[in-house]
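This report describes one protein chain, from its overall build down to two residues in loops. The sequence and structure come next.

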Amino acid sequence: MKIASAVFVKSVSDNNFLKTDYPEVAFVGRSNVGKSSIINFITNRKHLAKTSATPGKTKLINYFLINKKFLLVDLPGYGYAQVSKKEKTNWGEFLEEYLKTSENLKCVYLLLDVRRTPTEQDEQMLEFLVYNRINVKIVVTKIDTLSRSQVNNQIMMICSRLGLCKADIIVTSSQERKGLAPLLDSIEQYTSVTE
Ligand SMILES: Nc1nc2c(ncn2[C@@H]2O[C@H](COP(=O)(O)OP(=O)(O)OP(=O)(O)O)[C@@H](O)[C@H]2O)c(=O)[nH]1
Ligand SMILES: [Mg+2]
């Protein structure tokens, strides 16, 4: 699949989620894991989705229309320490509501930083998706930050923690543009209209 066009459609901060006929795939994960960066990587656009070294940048749900055929959805990150408990609850509910009510959601890409042990929240998110029968794919990010053998060790650790095997995981670096082909193949598989 080639990305011929990528257009920002809308930001949403309340439960007025975008309702269209387009299939959509979404990116979730803790704050700063690289969700916005991976959208820029996939679309080959530097500033389509706003990235930041400061966690908590994406507080909205942002929709991007790709090839006039499907939507990429940038979700707010969880696990950001600098927000109040009330705000955290609101975000959690906002995220859950999106995930539960988006009828055209075909797959959720759950991003994990290769350097970190998956947190309880990562595990809860995975369980939530499985429980709600939402397709989920694990994407490991930022592999440029470690050596090849360290990356392999971390992937084994992540697999054993989450009960997955290596083949279940897409390994990427947005910075060094690695892992694009398997990501695009997966997105294409989930967003192509079969009827
Ligand atoms: N080394 C390296 N850094 C990356 C990579 N991808 C993202 N980053 C950096 O990680 C930081 C966070 O990236 P974002 O894409 O803004 O992360 P996010 O998940 O959208 O964060 P929130 O919107 O806060 O939830 C930025 O400083 C990025 O430059 C990568 O592949 N390699
Ligand atoms: Mg972001």
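Which backbone oxygen does the side chain of Asn67 reach? In this predicted model, the partner is the backbone oxygen of Lys2, at 2.7 Å.

## Asn67 and the N terminus

The side chain of Asn67 has a further backbone partner, the nitrogen of Ala4, at 2.6 Å. Leaving aside residues up to four places away in sequence, Asn67 touches Met1, Lys2, Ile3, Ala4 and Ser5.

Asn67 sits in the loop that links β3 (61-66) to β4 (70-74). Is this loop residue buried or exposed? Asn67 has a relative accessible area of 18%; the cut-off for buried is under 20%, so Asn67 counts as buried.

## Leu48

Another loop, between α1 (35-43) and β3, holds Leu48. Its relative accessibility is 13%, and because buried means under 20%, Leu48 is classed as buried.

Which residues does Leu48 touch, not counting those up to four places away in sequence? They are Ala6, Phe8, Asn40, Thr43 and Phe64. For one of these contacts, the one with Phe64, the C-alpha atoms are separated by 8.6 Å, and the two residues are 16 apart along the chain.

## Order of elements

The protein chain has five helices and seven strands. Read from the N terminus, the order is β-β-α-β-β-α-β-α-β-α-β-α.

Contacts between residues at least 6 apart in sequence can be sorted by their separation along the chain. In the protein chain, 73% of such contacts join residues at least 24 apart.

## Overall size and surface

How does the radius of gyration of the protein chain, with its 195 residues, compare with that of a compact globule? A compact globule of that length would have a value near 16 Å, and the protein chain has 16 Å, so the two agree. Along the principal axes, the C-alpha atoms fill a box of roughly 45 × 40 × 30 Å.

Of the 195 residues, 47% count as buried. The accessible surface of the protein chain is about 10,600 Å², and carbon and sulfur atoms account for 47% of that area.

## Charge

The protein chain carries 27 positive and 20 negative side chains. The centres of these two sets lie 7 Å apart.

Methods. Residues numbered from 1 in each chain as written. Chains lettered and ligands numbered in written order. Predicted model: local features only at pLDDT ≥ 70, side-chain atom pairs only at ≥ 80, totals over all residues. Heavy atoms only, no water. Helix = DSSP H or I, 4+ residues; strand = E, 2+ residues; numbered from the N terminus. Rg over C-alpha atoms; globule rule 2.2 N^0.38 Å. Buried < 20%, exposed > 50% of the residue type's maximum accessible area, 1.4 Å probe, protein only. Contact = heavy atoms within 4.5 Å. Areas by Shrake-Rupley, 256 points an atom, 1.4 Å probe, with all protein chains shown as cover. Lys, Arg positive; Asp, Glu negative; His and termini not counted. Charge placed at Lys NZ, Arg CZ, Asp CG, Glu CD. Polar contact = N/O pair within 3.5 Å; in protein donor to acceptor, adjacent residues only side chain to side chain.
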